[in-house]
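Thanks for coming, everyone. Please have the sequence and the model open in front of you. I will keep this quick.

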Amino acid sequence: MALDDRQLTHLQRLEAESIQIMREVVSTASNPVMLYSVGKDSACMLHLAKKAFYPSPPPFPLLHVDTTWKFREMYKLRDKAAADAGMQLLVHHNPEAQEKGINPFDHGSLHTDMWKTDGLKQALSLYGFDAAFGGARRDEEKSRAKERVFSFRSANHRWDPKNQRPELWSQYNARKAKGESIRVFPLSNWTELDIWQYIQLEGIEIVPLYFSAPRPVVERDGLLIMVDDDRFPLREGEEPQMRSIRFRTLGCYPLTGAVESTAATLSEVIQEMLLTTTSERQGRAIDHDSAASMEKKKQEGYF
Amino acid sequence: MTEQTHEYKVDALIAEDIDAYLSKHQHKTMLRFITCGSVDDGKSTLIGRLLYDSKMIFEDQLATLSKESKSIGTQGQDIDFALLVDGLAAEREQGITIDVAYRFFATDKRKFIVADTPGHEQYTRNMVTGASTADLAVILIDARQGVLTQTRRHSYIVNLLGIPNVVLAVNKMDLVGYSQDRFDEIVAEYRAFAKSIGIKEFTAIPISGLKGDNIVDRSTGMDWYYGPTLMAHLEEVPLSDRSAVERPFRMPVQWVNRPNLDFRGFSGTISSGAVRPGDAVRVVPSGKTSTVKSIVTYDGDLDAAVAGQAVTITFNDEIDCSRGSVIAAADAPPEVADQFETTLIWMDEAEMLPGRPYILQLGTQSVTATITEPKYEVNVNTAEHLPSRTLKLNAIGVCNISTDRPLVFEGYEDDRTMGGFILIDRMTNATVAAGLVHFALRRSQNIHWQAVDIDRTAHAAQKGQKARVVWFTGLSGSGKSTIANLVEKKLHSLGRHSFLLDGDNVRHGLNRDLGFTDADRVENIRRVGEVARLMTDAGLIVLTAFISPFRAERQMVRDLMAEGEFVEVFVNTPLDVAESRDVKGLYKKARAGQLKNFTGIDSPYEEPQAPELTVNTAAMTAEDAAEMIVDYLLRD
């Protein structure tokens with residue numbers, strides 16, 4: 001094939017763009033970190049990082065802001081993925097949330113606020129990270145459609161949507177004042193389908209919970225919740241039932257709704273995703289409040 | 001007039017043979033485009049319609065949309081597609097789009113990224129941002145209105161940013177009775193204008209975003225139109241990265257990849273051309289040559305790589321190469337220069353200051369640049385040239401730029417990556433402008449130092465500062481060195497070039513032949529004054545921390561400097577306080593008679609009468625004092 005006939009596919013273009021972004025951060029930030037949530041987007045991002053710096057290992061650690069309420073299979077893959085990549089894994093638990101025993105059953109939105117939002121801010125300040133990669137995509141939600149690839153946070157980690165720097169061509173202005181930090185989103189231009197397809201093409205390992213299997217669940221407030229460990233307080237009359245389920249998105253197990261499914265392979269998962277008629281984040285309890293809720297959460301520092 | 005269906009549609013192949021569908025999808029190409037037009041032109045409606053018709057809207061989103069359409073929509077009981085894309089809460093309330101939002105959809109042939117940008121003149125910078133990465137522009141016109149001022153503005157920007165494909169979408173055809181005459185009239189008017197600003201070709205399509213005519217489905221009301229629907233055109237238009245591959249090879253180096261002593265590779269994204277192992281390459285600006293040993297990727301070494309790919313290249317020779325260098329075809333390297341004619345699009349609230357140094361980022365290079373007064377500003381509505389002394393927010397003008405180091409570049413017309421740059425304010429770190437390189441005013445190899453009068457102003461201007469001597473005076477142990485050190489740290493972190501002359505340190509070298517008699521003290525200060533003066537000639541901010549007890553010598557140094565350059569800082573610490581601190585144990589020695597001529601004990605200290613600044617260390621921390629001094633220095 002003549003060279004000038006080579007046209008990059010959309011996935012090749014996206015991959016190259018993400019790699020360019022990661023290399024730019026490593027060249028300009030003094031202490032970068034990659035936020036790693038163990039979901040499929042994180043898995044893609046980590047894979048891209050391996051590609052961006054090969055044959056060097058990615059020159060930054062992974063940070064998991066943990067809530068202690070993730071699925072057990074997530075913890076297993078987290079540790080394995082970090083070891084496979086030859087990267088340091090930092091796990092942060094908000095000591096205040098730990099001390100107060102904040103949990104998703106008794107504390108509602110405080111659970112997310114303290115473990116995740118506050119925990120993230122604490123960890124970034126604790127280690128003095130000045131740039132943090134996140135796996136957010138612009139197609140996830142309306143207010144994210146306008147977020148920059150390099151998104152600036154004030155010294156107290158706030159996002160000001162009215163005061164964003166213009167991003168032209170592939171030029172990123174990574175300069176910041178002391179105390180300020182950047183969140184960098186190398187997957188900005190990827191869609192959910194792109195992510196799935198990339199996972200399939202590249203053979204990226206993801207948490208088995210994305211695939212259907214018989215798992216113990218209870219039905220609560222319209223969501224199918226998996227009973228992942230014995231901390232789950234069963235209400236009267238609730239009896240976990242084995243049902244063939246899988247997850248479209250992963251978070252804290254008591255807050256993540258499963259879908260009934262028989263999709264046990266990547267092709268089947270993608271097929272189901274394409275045939276489904278609800279958007280991805282519907283399984284997350286956090287977004288239901290109002291259309292503008294994510295924007296508000298982000299201003300407060302939620303990733 | 002198309003069939004209105006609001007039910008959810010899916011591709012039959014997904015259900016029947018997912019693997020066949022995926023393999024089709026996997027070979028898709030990607031088109032990035034921008035939509036230009038105002039809310040009134042139906043821009044958001046059009047994008048909402050594209051998303052909807054390409055099945056990118058889920059049932060839950062549709063449900064939210066229907067609910068919102070009824071409460072805040074503008075289409076009565078019908079779905080208001082505009083609500084799908086107007087993202088930020090504030091914008092939705094005001095009913096305007098104020099930022100750039102990116103939308104995604106895909107068909108069987110292509111993945112699309114749409115930059116949705118506002119149309120009003122006060123958002124020119126947002127449109128420029130969206131246009132910078134676009135392969136195609138859809139210029140929307142309201143069929144009832146025809147070519148308007150804003151159509152001209154959008155077209156001018158589209159052409160300026162070098163978007164290779166232009167679509168003129170004549171919208172709201174349903175409101176002009178699907179009239180061919182009206183369409184032809186608008187196209188003719190636009191053609192005349194487009195030609196005048198240099199747009200050679202465009203594709204005109206009559207549409208109705210609201211009704212769905214000629215978006216995805218052919219309109220049944222315009223049988224006089226034989227061209228493609230908008231979607232068909234977006235799917236078929238040739239991509240611009242084809243032409244990038246045909247140009248000579250260039251790869252700006254982003255990062256040096258050095259996992260161990262045996263491997264040294266250069267990582268970057270190829271901006272144009274192609275490369276193979278064995279190719280002769282030249283590293284610019286150093287000019288050193290070598291041949292490509294390997295093209296390394298995670299997926300194995302490649303036998304060739306082309307524009308758009310992110311790779312790591314190794315050489316057969318050990319030659320200097322680092323971030324900012326450009327690896328290029330040895331026989332066709334890019335130009336290097338330090339003075340350019342450029343077009344600037346100003347993007348900051350604070351207007352451009354000719355002569356002020358800004359940081360210029362181009363490719364992976366970062367240099368300091370100063371801008372001349374604009375040759376002219378462009379009236380974006382008429383393309384007329386206007387005289388101007390500065391550029392304000394959203395203004396576009398042609399200016400010369402000179403850089404402190406030679407810059408590797410291409411003309412923007414040929415290469416967006418190597419010809420497009422941003423300017424950054426050194427204080428606020430804001431991106432203040434986007435720039436397009438036209439051409440070099442002269443090549444840097446022809447520049448000789450003798451040819452330019454590099455005087456003290458030029459030295460200082462290059463460093464983006466005013467040369468100063470900040471003269472700290474006060475008793476031993478008053479806190480001069482501590483404060484001076486803090487000031488220097490702050491200046492350093494603000495990117496200022498400074499140097500701290502400390503009393504003790506100078507006496508170890510330059511002035512080691514001097515003692516502490518009055519005569520020696522005078523000579524000490526005279527020498528320090530001369531050194532400080534030389535350093536201000538070099539454009540530095542010089543900080544000096546000397547007791548300097550005599551007014552006359554301080555005045556002597558003041559007289560060496562230009563008006564306003566000498567900043568006397570009196571560090572006012574009472575003798576008993578300084579003595580009680582006695583950091584170096586000197587007061588104790590002096591009181592014991594072991595040290596002669598000690599200031600404050602047996603040698604006088606003459607307090608300044610009119611210092612520029614006084615620091616009362618009893619009432620102020622060293623940190624606050626340093627802050628105050630830095631504020632003073634940066635005030636003008």
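Start with H16(B) and H17(B), which are roughly parallel to each other, because angles under 35 degrees count as roughly parallel. In this predicted model, H16 covers residues 518-537 of chain B and H17 covers residues 551-560 of chain B. Their axes come within 9 Å and cross at roughly 20°. An axis here is a line fitted to C-alpha atoms, for helices over the stretch in contact, and angles run from 0 to 180 degrees between N-to-C directions. Helices are DSSP runs of H or I with at least four residues, strands are runs of E with at least two, and both are numbered from the N terminus.

Which hand does the crossing of H16(B) and H17(B) have? Right-handed. That is, the near helix is turned clockwise from the far one by less than a right angle.

Now the residues. On the H16(B) side, the ones that meet H17(B) include Val522(B), Ile525(B) and Gly529(B). Among their counterparts in H17(B) are Met556(B), Val557(B) and Leu560(B). Contact means heavy atoms within 4.5 Å.

A word on ground rules. Residues are numbered from 1 along each chain as its sequence is written, and chains are lettered from A in the order in which they are written. Local features need pLDDT of at least 70, side-chain atom pairs count only at pLDDT 80 or more, totals for chains, interfaces and linings use all residues, and side-chain values use heavy atoms, with hydrogens and water left out.

Next, the barrel in chain B. Here 6 strands close up in the order E7-E8-E13-E11-E10-E14, with antiparallel pairing. Two strands pair if DSSP finds at least two bridges between them. Neighbours in this sheet are turned by 50° against each other on average, direction ignored. E7 (250-260) and E14 (326-329) of chain B share 3 bridges. One partnership joins Arg250(B) to Ala328(B).

What from chain A lies across this part of chain B? Helix H1, residues 10-28. H1(A) crosses over E7, E8 and E13 of chain B, at about 65° to E7(B).

Over to chain A. This chain has 8 helices and 10 strands. Of its 303 residues, 63% count as buried, meaning under 20% relative accessible area with a 1.4 Å probe, protein chains only.

Chain A has a closed barrel too: 4 strands, E7-E8-E10-E9, antiparallel. Its neighbouring strands are turned by 75° on average, direction ignored. E7(A) and E9(A) pair over 5 bridges. Pro214(A) stands opposite Ser244(A) there.

Key. Buried < 20%, exposed > 50% of the residue type's maximum accessible area, 1.4 Å probe, protein only. Parallel < 35°, antiparallel > 145°, perpendicular 65-115°, else oblique.
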